[in-house]
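Hello,

Here is the structure for you to look through. Please open it first, then read my notes below.

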Amino acid sequence: MASHTYTRRLLPLCFLPALITAATAQDKPNILIIHTDEHNFRTLGCYRECLQNEQAFPWGEGVTVETPNVDYLAHRGVLFTRCYATSPVSSPSRASFMTGLYPQHNGVWTNDMELSDEAVTFGEVMRRNGYATGYFGKLHINGKGRPEWQPERDFGFSDNRYMYNRGHWKKITEPGGKPAFQPDAPVQTTDSLTFPTDYFTNRAIEFIGRHQAAPFCCMVCFPDPHSANLVRTPYDTLYTHLPFRQPRTASADTAGMPAWAHGSGLKEDLPEDMAQYFGMIKCIDDNVGRLLDALRQNGLLENTLVVFTSDHGDMCGQHGLINKGVPLDDSARVPFIVSYPAGMRSGLRIGHVMSVTDFTPSLLSFCGLPVPAGCDGRDLSPLWKGEKLPTSYPDIVFMRAITPKIKSDWDESATAMRTQWVSAVTPRYKLTYSEYAPDAPWLTDLEKDPDETQNRYADPDYRQIVSRLATALKAYGERYDDPRTGHPKIRKEIEEAISKE
């Protein structure tokens with residue numbers, strides 16, 4: 001890992017104008033970011049194309065949801081096969097995505113926290129460089145407000161009338177002309193005008209129509225396919241006929257595995273839940289198609305950079321687990337696709353690892369806009385263009401568990417304590433250290449063991465790999481102020497690994 005001096009990065013907004021250069025409709029692409037919530041990457045056809053059969057069909061051979069519109073973006077753009085959340089839960093991952101800062105630097109190290117006032121979002125940079133900015137859907141970086149429509153703080157998005165902070169209800173109406181969730185409304189009462197995925201798409205299409213003459217940055221954040229797994233008709237019955245089965249990792253022996261990898265078995269209603277999960281994804285894909293059609297009809301598709309991604313994954317039964325929060329790929333690995341017909345090669349698959357922290361500096365650099373000083377993320381925009389990265393860019397990313405917000409949450413007997421971890425990930429290896437006393441460090445060879453069930457940490461053949469990744473983790477912790485690597489148990493294990501090379 002390249003060594004260099006780390007300079008504290010947070011840049012108050014009052015200093016941002018000095019960095020601004022003019023943006024014009026002629027030389028700046030429009031931006032459309034489509035962001036989902038709790039999305040397992042294996043559900044997308046373009047990702048199944050990158051996987052071996054056993055990895056592509058964890059719920060049974062041929063048990064799939066077709067996603068032609070997301071696949072279209074991937075086939076016409078660039079797909080990152082290994083993009084990871086900085087912390088695989090909603091708020092920290094979203095805050096890192098929007099600022100290029102690690103959770104310990106942006107003020108959001110667990111859910112329901114407020115983004116630091118000093119953290120500069122890519123939306124703010126774009127707004128100050130002449131972009132019309134609009135945000136539609138879930139935010140979840142403004143504290144505990146629920147749902148909190150149109151927060152006072154707009155995070156760089158001038159049109160935030162349809163931005164809300166958090167919550168996962170299934171129906172939106174407009175009493176008095178303003179959006180409001182109907183928390184008690186059964187999902188069966190929703191339709192293509194009131195179901196959130198459709199509703200936010202409708203509002204985003206209106207925004208695109210209003211701003212087609214000037215560069216715009218439109219971010220659409222669907223609150224699905226997050227649990228509860230419920231979707232409107234006709235999507236609720238499209239996949240109920242599929243013979244869903246348990247992923248094979250659900251029955252794997254967990255003896256000796258870290259606490260974060262232990263599952264309690266699948267729910268009895270898994271087939272029904274997964275059918276609804278697939279339905280939510282199909283609804284999302286159909287709405288991606290509607291957004292692309294809106295760009296086509298307005299003559300904007302060629303000059304619009306479209307991003308499709310998510311904040312984190314969902315275990316969906318892998319290892320007997322559901323939801324997220326663990327370093328396993330189904331939880332921490334997210335889809336990331338970027339497509340820009342006017343200025344990007346098509347059909348590229350990138351095997352380098354990427355972090356959501358890399359998005360903001362990559363986007364701004366690609367668009368020729370200033371990157372706020374001290375951004376933690378890397379500029380991966382050369383990969384978007386089909387170019388090679390500078391040799392100084394280490395092919396490694398880092399992830400961490402959430403940190404309890406108050407000291408009373410820190411209890412050796414509590415689940416929160418048993419699941420405190422930090423990971424280093426390369427295209428082939430993943431090294432994870434846990435703060436929980438009984439847990440041994442865990443090294444996965446992702447090429448030989450994509451199921452992540454075998455620990456290679458003590459294998460002599462992997463000694464140099466362990467030492468190299470441990471050295472990188474130590475350097476990351478010191479450079480980026482991560483207290484996780486300074487935990488006494490983790491620090492000791494890292495030092496021991498380094499000394500054994």
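Start with the whole chain. This is a predicted model. Of the 501 residues in the chain, 61% are buried. The chain exposes about 18,700 Å², and carbon and sulfur atoms supply 50% of that area. Its secondary structure comes to 14 helices and 14 strands. Now the contacts with a separation of 6 or more: residues 24 or more positions apart account for 72% of them.

Next, go to one sheet. It is open and has 4 strands, in the order E11-E12-E13-E14. The pairing is antiparallel. Which strands stand at the edges? They are E11 (397-400) and E14 (442-445). Each has a single partner strand, so one side of each is left without a neighbour in the sheet. From one strand to the next, the twist averages 15 degrees.

Look at one pair in detail. E11 pairs with E12 (residues 421-425) over 4 bridges, in the antiparallel sense. Find Val-397 there: it stands opposite Val-425 in E12.

Now for the helices on this sheet. Helix H13 (residues 463-479) lies across E11, E12, E13 (429-434) and E14. H13 runs at about 60 degrees to E13. Helix H14 (residues 488-499) packs on the sheet too, touching E12 and E13. The direction of H14 makes about 135 degrees with that of E13.

Best wishes

How values were computed
Residues numbered from 1 in each chain as written. Predicted model: local features only at pLDDT ≥ 70, side-chain atom pairs only at ≥ 80, totals over all residues. Heavy atoms only, no water. Pairing = 2+ DSSP bridges. Helix = DSSP H or I, 4+ residues; strand = E, 2+ residues; numbered from the N terminus. Axes fitted to C-alpha atoms, helices over the stretch in contact; angles between N-to-C directions. Contact = heavy atoms within 4.5 Å. Buried < 20%, exposed > 50% of the residue type's maximum accessible area, 1.4 Å probe, protein only. Areas by Shrake-Rupley, 256 points an atom, 1.4 Å probe, with all protein chains shown as cover.
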